[in-house]
Amino acid sequence: MTLTVGFVGLGMMGLPMLDNLARGEERFNILAYDRDPTRLERLAGHPAWNKTLKPAASLQALADCDVVITMLPDSAVTNAVIEGENGLASVMRAGSVLLDMGSSNPAETLRLAPLLREAGVTLIDAPVSGAVAKAASGTLAIMVGADKDGLERVRPLLSRMGASLIHTGAVGSAHAMKALNNYVYAAGLLAASEALLIARGMNLDLDVFTEVLNASSGRNVATETKLRQFIVPGTYNGGFALALMAKDLRTADALQTLAGVSASQLSLCTALWQRALQDMPAGVDNTEIHRYLERLQAPAPA
């Protein structure tokens, strides 16, 4: 039986993910929805458009879907789509699956799961890692919080969008691990950016320094995929917003309370990114944390 799939959220990540989902030999019947209708217009050139991929005029149009995927920026937006007036919680049929692929707050995921379960809807969290480039190539890493039956039920969909599926445990676990993963990335990018400023201040060759980092113990995903590509040339367009990184760090920071653990480095990292969010222009890329640190070096006006 061909699955009927709803897809909500056609932003920078959602659109290429949907593009891959709608391709391939095994076809799904897909209804795409975004509150911004201009985003739906970008699908008009897709080979499956108006065949197995069609627009949904509202969330209510997703009522008969077997699985509804949400790819939304944060829990506030996700919760509104799920719990708001005529939201998914009130329209999805019993026996269906709600697959939250955004970077939601795990505390909210744990709150929503039993509420949806009462309506017969299974909530699975499946956040992604890899940014826009891997969303476009269908090679995302996808963390999945579900029981084994739930994982197998959505595996055909996830396999179309990602190259690595990691079963993290029960619902909520994937969102927690994604937030902690982004903390480790953000800390690495912060350290690499500070080191780059020191190296430049000493008139060191930044390309050579990047090569040293990537061949040595300082290597991390930030040094491998952000320094030479976006920071050293000053393009600062890595494909993930600084605001989203700051949001993910706030989520990770809140996990200290849930876990009963004090993580001072996490708190310091979170606080610095929040200050950068307040001081930098709206919409800048996460690699702009380097430019923010650079601005902090400038002497205060007399």
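**Close-up views of a predicted model**

**View 1. Lys178 and its surroundings in helix α8.** K178 lies in helix α8. In this predicted model, K178 counts as buried because its relative accessible area is 6%, under the 20% limit. The UniProt record, an unreviewed entry, places the feature "active site" at K178, and this annotation may be inferred rather than shown by experiment. Leaving aside neighbours within four places in sequence, the residues in contact with K178 are S103, P127, V128 and M143.

**View 2. Ser193, a buried residue of helix α8.** S193 is found in helix α8, the helix that spans residues 173–201. With a relative accessible area of 0%, S193 is buried. When residues up to four places away in sequence are not counted, S193 touches I231, I289, H290 and L293; of these partners, I231 belongs to helix α10 and is taken up in the next view.

**View 3. Ile231 in helix α10 and its contacts.** I231 is found in helix α10, which covers residues 221–231, and with a relative accessibility of 3% this residue counts as buried. Apart from neighbours within four places in sequence, I231 is in contact with L189, S193, L196, K226, Y236, T287 and H290. Among these contacts is S193, which is itself buried at 0% relative accessible area, and H290 is listed both as a contact of I231 and as a residue touched by S193. Between the C-alpha atoms of I231 and G150 there are 41 Å in space, and the two residues are 81 apart in sequence.

**View 4. Ile198 and a nonpolar surface patch.** I198 also has its place in helix α8 (residues 173–201), but this residue counts as exposed because its relative accessibility is 54%, over the 50% limit. Together with M202 and L204, I198 makes a nonpolar surface patch of about 320 Å².

**View 5. The two assigned domains and the contact between them.** The domain assignment divides the chain into domain 1, given as 3–169, and domain 2, given as 176–297. The centres of domain 1 and domain 2, taken over C-alpha atoms, are separated by 28 Å. To the contact, domain 1 gives 14 residues and domain 2 gives eleven residues.

Key: Residues are numbered from 1 along each chain as its sequence is written. This is a predicted model: local features need pLDDT of at least 70, side-chain atom pairs count only at pLDDT 80 or more; totals for chains, interfaces and linings use all residues. Side-chain values use heavy atoms; hydrogens and water are left out. Patches are made of residues with over 30% relative accessible area and no salt bridge: like charges are joined within 9 Å, nonpolar side chains (Val, Leu, Ile, Met, Phe, Trp, Tyr) within 5 Å. Accessible areas come from the Shrake-Rupley method with a 1.4 Å probe; for residues, only the protein chains shown count as cover. A salt bridge is a side-chain nitrogen of Lys or Arg within 4 Å of a carboxyl oxygen of Asp or Glu. Helices (H or I, at least four residues) and strands (E, at least two) are DSSP runs, numbered from the N terminus. Buried means under 20% relative accessible area, exposed over 50%, partly exposed in between (1.4 Å probe, protein chains only). Contact means heavy atoms within 4.5 Å. Domain bounds come from an automatic or database domain assignment.
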